[in-house]
Amino acid sequence: MEGALLSKTQEIFMLRAKIDELDMMTHRIAMKFPRHERHVLAAEVRAIMGNIIRYEVRASQMQGSESRRQVRPAATLDILQRLDAEVGLLKRQIHKAANLDYLKPQGAKVQGEWSGLTAEVGKLLGAWLKTVEARVYPFQEKNKAPAQQG
């Protein structure tokens, strides 16, 4: 499938599958945090994942409504930007957990795998964001050439 053009529906399903995979990985990792952090950082990480899932579901619903002209693309863009912010926050919390050495007992590869999956979700989300932004701002100049100095 790589290199091939995917339909918007296929991209959304790929994103949903990656988010589900990230949710399961996040749950497994958070449950292995030190006991004193399970109710602080682990709870915050789980709450962020809940928001990511919630925003993805809402954006998917809005995407379907958009095709039936019930929702403006700008509303979908707002939800996607919120989703993007939550993914960014999750990346920061993963980094924080690694800096506090909460991931060391789980093995050396855990941080890389967790961060890598989060980055994949971010890339899929970024593609969706670009598509919706192009519909919201159709006349925005793309690849504006820098002014030549002379």
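This report walks through the helices of a predicted model, how they pack, and a few residues worth a look.

## The overall layout

The protein has 4 helices and 0 strands, so reading along the sequence gives you the pattern α-α-α-α. Of its 150 residues, 33% count as buried.

What share of the contacts between residues at least 6 apart in sequence join residues at least 24 apart? The figure is 75%.

## Helix 3 up close

Helix 3 covers residues 73-99. Its 27 residues should span 39 Å at 1.5 Å a residue, and the C-alpha atoms at its ends are indeed 39 Å apart, so the two values agree.

Which residues of helix 3 are buried? The list runs Thr-76, Leu-77, Ile-79, Leu-80, Leu-83, Glu-86, Val-87, Leu-90, Gln-93, Ile-94, Ala-97 and Ala-98. Here's a handy thing to keep in mind while you scan those numbers: an α-helix has 3.6 residues a turn, so residues three or four places apart point the same way.

## Gln-93, a buried residue

Gln-93 sits in helix 3. Is Gln-93 buried or exposed? Its relative accessibility is 6%, and because the cut-off for buried is under 20%, Gln-93 counts as buried.

So what does Gln-93 touch? Setting aside neighbours within four places in sequence, Gln-93 is in contact with Leu-41, Glu-44, Val-45 and Ile-48.

## Helix 3 against helix 4

Helix 4 takes in residues 110-136. Helix 3 and helix 4 pack with their axes 9 Å apart, at an angle of about 160°. Angles over 145 degrees count as roughly antiparallel, which is why helix 3 is described that way relative to helix 4.

The crossing of these two helices is left-handed. Sorted by class, the residues in the contact of helix 3 with helix 4 come to 17 nonpolar, 7 polar and 4 charged.

## Helix 1 against helix 4

Helix 4 also packs with helix 1, which is residues 8-30. Their axes come within 10 Å and cross at roughly 155°, and this pair is therefore roughly antiparallel too. The crossing of helix 1 with helix 4 is left-handed.

Who meets whom here? On the helix 1 side, the residues include Ile-12, Leu-15, Ile-19, Leu-22, Met-25 and Ile-29. On the helix 4 side, they include Val-110, Trp-114, Leu-117, Val-121, Leu-124 and Trp-128. Charged residues take part as well, among them Lys-8, Lys-18 and Glu-21 from helix 1 and Glu-113 and Glu-120 from helix 4. By class, this contact divides into 15 nonpolar, 3 polar and 5 charged residues.

## The loop between helix 3 and helix 4

Asp-101 lies in the loop between helix 3 and helix 4, just after helix 3. What is the phi of Asp-101? It is near 65°, a positive value in a residue other than glycine. With a relative accessible area of 40%, Asp-101 counts as partly exposed.

Gln-106 has its place in that loop as well. Gln-106 and Lys-32 are 74 residues apart along the chain, yet their C-alpha atoms are separated by 7.5 Å. Leaving out neighbours within four places in sequence, Gln-106 is in contact with Ile-29, Lys-32 and Phe-33. Ile-29 turns up twice in this story, since Ile-29 is also one of the helix 1 residues that meet helix 4.

Methods: Residues numbered from 1 in each chain as written. Predicted model: local features only at pLDDT ≥ 70, side-chain atom pairs only at ≥ 80, totals over all residues. Heavy atoms only, no water. Axes fitted to C-alpha atoms, helices over the stretch in contact; angles between N-to-C directions. Parallel < 35°, antiparallel > 145°, perpendicular 65-115°, else oblique. Left-handed = near helix turned anticlockwise from the far one by under 90°. Contact = heavy atoms within 4.5 Å. Expected span 1.5 Å × (residues − 1). Buried < 20%, exposed > 50% of the residue type's maximum accessible area, 1.4 Å probe, protein only.
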